[in-house]
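Visitor: I would like to learn how to read a structure one feature at a time. Could we begin with a single residue?

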Amino acid sequence: MIPDAARARSVMTRGMVLTLLGLLAQVAMTVMTFAFTPMEARQGLAQKIFYVHVPAATMALFVAVPATAIAGLLYLWLHDVRLDRFAAASAEVSTVFCLIVLLTGPLWGKPVWGTWWTWDGRLTLTLFLFFLLLGYHTLRSALRDPSDRARFSAVLGVMGLVLVPFIHMSVYIWRGLHPKPVVIKPSAPSLPPEMLRTLMVGFAAGLLLYLGFVVLRYGIQLSRDAREAAHAG
Amino acid sequence: MQADTLAAVPDSLTAATQAAVPFIPPSNAPYLYAAFGIATAVYLVYAILLITQARAEQK
C-alpha cells in the first residue's frame with residue numbers, strides 16, 4: 001500500500017489528541033495521589049510511587065511489549081509494512097515505559113528496602129527487557145534494507161514477549177524482595193478502594209499515553225514513508 | 001547477597017488511619033516527589049519530542 005500524506009496528517013492529529021488526553025489523565029492521577037489518596041500505614045509517603053510505577057510497568061509488560069510482539073509475528077506472516085511500522089512505534093513506547101519503571105523503582109526501594117537496587121529476579125529481568133528494547137532500536141538503525149530491518153526486528157520483538165511471563169512470575173518463582181502483585185492476580189485486589197481508584201486512573205492515563213504515543217510515532221513514520229514514496233515516484 | 005539481608009514488604013497495602021498508631025511512617029516524601037518529577041518529565045519530554053516532529057511533518 002502506498003503511504004498517503006493526507007492520511008499521515010490525520011493520524012498524527014489523532015495521536016496528538018490522545019497524547020494530550022493522556023497527559024491530562026496523568027495530571028488527574030497526580031492530583032488524586034497527593035490530595036485524595038491515603039498514606040500507606042507501613043511504608044509512608046514513598047508507597048505513593050506505586051501510582052506512577054505500577055501503571056508504567058503494566059503498560060510495558062501487558063500492553064506495549066505484547067503489541068510489539070504480535071505485530072512482529074503478524075509481519076512475519078503477512079509482510080505488511082504497516083505492521084512493522086506499528087511494531088517499531090510500540091517498541092519505542094515500551095522503552096519509555098520501561099525507563100520510567102527502572103527510574104521510579106529504585107526511588108521506592110531506597111526508603112523502603114534501604115537500597116537503590118538489588119539483583120532480585122523481577123528487577124534483573126526488567127533490566128534485561130530494557131536492554132533488549134535498546135537492542136531492538138540499535139538493530140533497526142543498523143539495518144538499511146527495510147525488509148531485513150522489519151524481519152529481524154520482528155524476531156527480537158517476539159523475544160521481548162518471551163521475557164514477560166518470567167518477569168510477572170518472578171516474584172512467585174524466586175524468593176526475592178519485590179512485592180507480589182496487589183491487583184493483577186487471581187484473587188481480589190489487596191488494597192483499599194481509594195488506593196485502587198487512584199491506581200485505575202493511573203492505568204487509564206498509561207493506556208491513553210500508550211495509544212497517543214504509538215499513534216503519533218506511527219503517523220510520523222507514515223508521513224516520512226509517504227515523502228520517500230513521492231520522491232521515488 | 002543483599003536480598004538475604006533486606007526485609008521484604010507485605011503483599012497487601014493498608015491505609016494509615018487518623019488514630020494514633022505505634023509506628024510512624026518515615027519521612028520519605030523527597031523520594032515521592034523525585035519519582036513523580038522524573039516520570040512526569042520523561043512523559044512530557046517524549047510527548048513534546050513527538051508533537052514537535054509531527055508538527056514539522058504536517059507543514
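Guide: This is a predicted model. Start with H79(A), which is exposed because 12 other C-beta atoms lie within 10 Å, and 12 or fewer counts as exposed.

Visitor: Where does H79(A) lie?

Guide: H79(A) sits in the loop between α2 and α3 of chain A. Its phi is near 55 degrees, a positive value in a residue other than glycine.

Visitor: How far can I trust the coordinates?

Guide: Where pLDDT is low, the predicted coordinates should not be read in detail. Chain B has an average pLDDT of 80, and 71% of its residues score at least 70. For the complex, the predictor gives an ipTM of 0.93 and a pTM of 0.92.

Visitor: How many helices and strands are there in chain B?

Guide: Chain B has two helices and zero strands. It has 59 residues, of which 19% count as buried.

Visitor: How do I read the contact between the two chains? How many residues of each chain are involved?

Guide: The size of an interface is often given as the accessible area lost when the parts come together. Here we count residues instead: 56 residues of chain A are in contact with 36 residues of chain B. On the chain A side, α1 (5–36), α2 (50–78), α3 (81–113) and α6 (193–232) each supply at least two residues. The largest share, eleven residues, comes from α3(A). By type, the chain A side divides into 32 nonpolar, 15 polar and nine charged residues.

Visitor: Can we take one residue on the chain B side?

Guide: Take V42(B), in helix α2 (residues 29–58) of chain B. V42(B) is partly exposed because 17 other C-beta atoms lie within 10 Å, a count between the cut-offs of 12 for exposed and 20 for buried. Leaving aside neighbours within four places in sequence, V42(B) is in contact with V96(A), L99(A) and I100(A). Within its own chain, V42(B) and P10(B) are 32 residues apart in sequence, and their C-alpha atoms are separated by 30 Å.

Visitor: Which residues touch the most other members of the largest nonpolar core?

Guide: That core has 76 residues, and those touching the most other members are I49(A), A56(A), A60(A), A64(A), F97(A) and A35(B). At least two residues of this core come from each of α1, α2, α3, α4, α5 and α6 of chain A and α2 of chain B. Beyond its neighbours within four places in sequence, A35(B) is in contact with I49(A), V52(A), T104(A), L107(A) and W108(A).

Visitor: How do I check the length of a helix?

Guide: Compare the distance between its end C-alpha atoms with the expected span. At 1.5 Å a residue, the 22 residues of α4(A) should span 32 Å, and the end C-alpha atoms are 31 Å apart, so the two agree. Helix α5 (residues 146–173) of chain A has 28 residues and reaches 40 Å, close to the 40 Å expected.

Visitor: Where does α5(A) bend?

Guide: The bend is at I167(A) and is about 30 degrees. I167(A) is also one of the buried residues of α5(A), which include A150(A), S153(A) and G160(A).

Visitor: What covers the buried residues of these two helices?

Guide: For α5(A), the cover includes α2, α3 and α4 (121–142) of chain A. For α4(A), it includes α3 and α5 of chain A. Among the buried residues of α4(A) are G121(A), R122(A), L129(A) and Y136(A).

Key. Residues numbered from 1 in each chain as written. Chains lettered and ligands numbered in written order. Predicted model: local features only at pLDDT ≥ 70, side-chain atom pairs only at ≥ 80, totals over all residues. Helix = DSSP H or I, 4+ residues; strand = E, 2+ residues; numbered from the N terminus. Contact = placed C-beta atoms within 7 Å. Nonpolar A, V, L, I, M, F, W, Y, C, P; charged D, E, K, R; others polar. Expected span 1.5 Å × (residues − 1). Bend = angle between axes of the 7 residues up to and from the residue. Core = buried A, V, L, I, M, F, W, Y, C linked by C-beta atoms within 7 Å. pLDDT = per-residue confidence, 0-100.
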